[in-house]
Amino acid sequence: MPPSGVNHLSQPCISGDSSSSYADKKSGWMKWLSKIFRSGGNRGGSGGGSRHTHQHLGDQENVVWRAPARSSEDPSKAHKEKEELDRAIALSLAEDLKRRNRHRWRTENDEAIAREMQDKMNLSPYPSVAPPQFHPGDIRYCGGCKRAISYGNYLGCMGTYFHPGCFCCHSCGYPITEHEFSLSGKDPYHKSCFKELTHPKCEVCHQFIPTNRAGLIEYRCHPFWSQKYCPSHEHDNTARCCSCERLESWNARYISLGDGRSLCLECMESAIMDTGDCQPLYHSIRDYYEGMNMRIDQQIPMLLVERQALNEAIVGEKHGFHHMPETRGLCLSEEQTVTSILKRPRIGGHRLIGMRTQLQKLTRRCEVTAILVLYGLPRLLTGAILAHELMHGWLRLKGYRNLNPEVEEGICQVLSYMWLESEVMPGSKSGPSTSTASSSSSSSSSYYSSSSKKGGKSSAENKLGEFFMHQIANDASAAYGEGFRAANAAVNKYGLRRTLDHISMTGSFPV
């Protein structure tokens, strides 16, 4: 009968669980065999073979081992050894199965715990987070939601802690995820949000105003409108409204008047475009003078003219003071032939088209030949110019001669300011508004009547009136600026009539 000890022990390895490796099973059974062989040697069998087998067990796993010699004289002993061997194999298989089940349970349990911890962790892409290291009694509270930070990532800044989702920009309300942020007081901001709030933007090109060579933000700002713009726009041919002085924004085109001037859309709404349109306003201002006990009996012609015609008329005038490079009105004393605007132009795209003009010869019948005003200006500015020029006419008609520019221009500016004040702030000491009288004229045009009725002026038009008053009060020139302030102080102190009487006698303002 061929030896079958080791070959037989290899059979359970073939029929075992596939989840366990062949080497692991064989190693476990070999250990059990070595115990059996060692015990057999101690009991006095052929111990030499057994000891030799144990010695080489760990070195050669694939050796075919020779079974211990069985004595023919003791069949019961051989049977007993076979039973012990079968029992050893069964115990080995049971212990191996138990160990595998215990290992599988531990692995599955660890994976479940890991998944649970992963789900609980609030992982996020915040770069400045630190892993929580808590100790017993160490509780951190979020500076945003005021709740305890019990697990997950957190931020430590500004002397406190935050959940990553609670550290939000004070401007937009979204979490701050960048490495850097801006701080104003105790309020954090995204750097971009803080720049939007604090870095001035140009109101012409709508870009952030750049820094100069010294690294400082340098910009220009209109003293009345507070329009901020890049200094470069003063030299890059950006259009400026000839009425309100605001620069043209890149997203709102101005209207070209065709003579080098541009008009913004806000000023265009109440602009007076031809001589016929201006007549109701002119007569209303004459009524205003009459209400101030300064009636003008002579019928002085009034014409709306283009820029070139006005400049030519200035050259033909023998006397007169004009400090401004842009003259917008003129009280003529000489006979001249002037080109006036007969029919208003219409808007075509971003310019005016279809204007009709006519030549008109002005004959001198009194000290004043005519009053000329530049066309295309808003109603309140046109009225202010008319009030100023009418005062020149009144002074000449009443015999005020050889006044110095500061006195004559100063008192004319006061009448212009007073008329604007009556329009912008009805009920003021300057007298009643001329809107009621002017709106009753049957020849009033749509440009004029839309804003001349009592209470019909828009807030934008009133704001324009305030700007024109601001221009008069803050003029820096000697004649128009200093002259106005001296005349206004005298009128406020002594009244208009006493001031005019003093000028008539002395040629100066009362002190």
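The paragraphs below walk through a predicted model, taking up its confidence, its salt bridges, one buried glutamine, its cysteines, a helix and two loop residues.

A reader may wish to begin with how far the prediction can be relied on. The mean pLDDT of the chain is 76, and 68% of its residues reach 70 or more. There are stretches where the confidence is lower: pLDDT stays under 50 over residues 121-132, a segment for which the model has 26 contacts beyond four places in sequence. Further along, pLDDT is again under 50 throughout residues 432-455, and there the model has 53 contacts beyond four places in sequence.

We turn next to charged side chains. Side chains of opposite charge can pair when their charged atoms come close. In this structure there are 16 salt bridges. One of these pairs is formed by Lys191 and Glu180, whose side chains meet with 3.1 Å from N to O. Because Lys191 belongs to helix H6 (residues 191-198) while Glu180 sits in the loop between strand E4 (160-162) and strand E5 (182-184), the pair ties together parts that are 11 residues apart in sequence. Lys191 itself is partly exposed, its relative accessible area being 47%.

A second pair lies within a single helix. Glu482 and Arg485 form a salt bridge, with 3.3 Å between the closest N and O atoms, and both residues lie in helix H15 (residues 478-494), where they are 3 residues apart, about one turn of the helix. Both partners are partly exposed, Glu482 with a relative accessible area of 47% and Arg485 with a relative accessibility of 29%. Another salt bridge joins the side chains of Arg295 and Asp297, at 2.7 Å from N to O, and Arg295 counts as partly exposed at 46% relative accessibility. Salt bridges can also be linked to one another, as they are in the network that includes Glu218, Arg220 and Glu234.

What surrounds Gln336, a residue of strand E14 (residues 336-343)? Leaving aside residues up to four places away in sequence, Gln336 touches Glu312, Ala313, Gly316, Glu317, Gln360, Lys361 and Leu362. With one of these neighbours, Ala313, there is an approach of polar atoms, since the side chain of Gln336 reaches the backbone oxygen of Ala313 at 3.2 Å, and a polar contact is a pair of N or O atoms within 3.5 Å. Gly316 is 20 residues away from Gln336 along the chain, yet the C-alpha atoms of these two residues are separated by 7.5 Å. At 13% relative accessibility, Gln336 counts as buried.

The cysteines raise a question of their own: why does the structure hold 0 disulfides, and how far is the sulfur of Cys169 from the closest cysteine sulfur? The closest cysteine sulfur to that of Cys169 belongs to Cys193 and is 3.8 Å away, which is too far for a bond, because a disulfide needs two cysteine sulfur atoms within 2.5 Å. A similar reading applies to Cys241, whose sulfur has its closest cysteine partner in Cys244 at 3.6 Å, also too far for a bond. Both of the residues from which these distances were taken are buried, Cys169 with a relative accessible area of 3% and Cys241 with a relative accessibility of 2%.

Helix H14 offers a view of one element from end to end. This helix covers residues 459-473, has 15 residues and reaches 21 Å from its first C-alpha to its last, which is close to the 21 Å expected at 1.5 Å a residue. Its buried residues include Leu464, Phe467, Phe468, Met469 and Ile472, and among them are also Glu461, Gly465 and Gln471.

Finally, the backbone deserves attention at two places in loops. Most residues other than glycine have a negative phi. Met158, in the loop between strand E3 (155-157) and E4, has instead a positive phi, near 55°. Asn402 also has a positive value, with phi near 50°, and is found in the loop between helix H10 (379-397) and helix H11 (405-424). As to their surroundings, Met158 is partly exposed, with a relative accessible area of 36%, whereas Asn402 is exposed, with a relative accessible area of 80%.

Terms used:
Residues numbered from 1 in each chain as written. Heavy atoms only, no water. Salt bridge = Lys/Arg side-chain N within 4 Å of Asp/Glu carboxyl O. Helix = DSSP H or I, 4+ residues; strand = E, 2+ residues; numbered from the N terminus. Buried < 20%, exposed > 50% of the residue type's maximum accessible area, 1.4 Å probe, protein only. Contact = heavy atoms within 4.5 Å. Polar contact = N/O pair within 3.5 Å; in protein donor to acceptor, adjacent residues only side chain to side chain. pLDDT = per-residue confidence, 0-100. Expected span 1.5 Å × (residues − 1).
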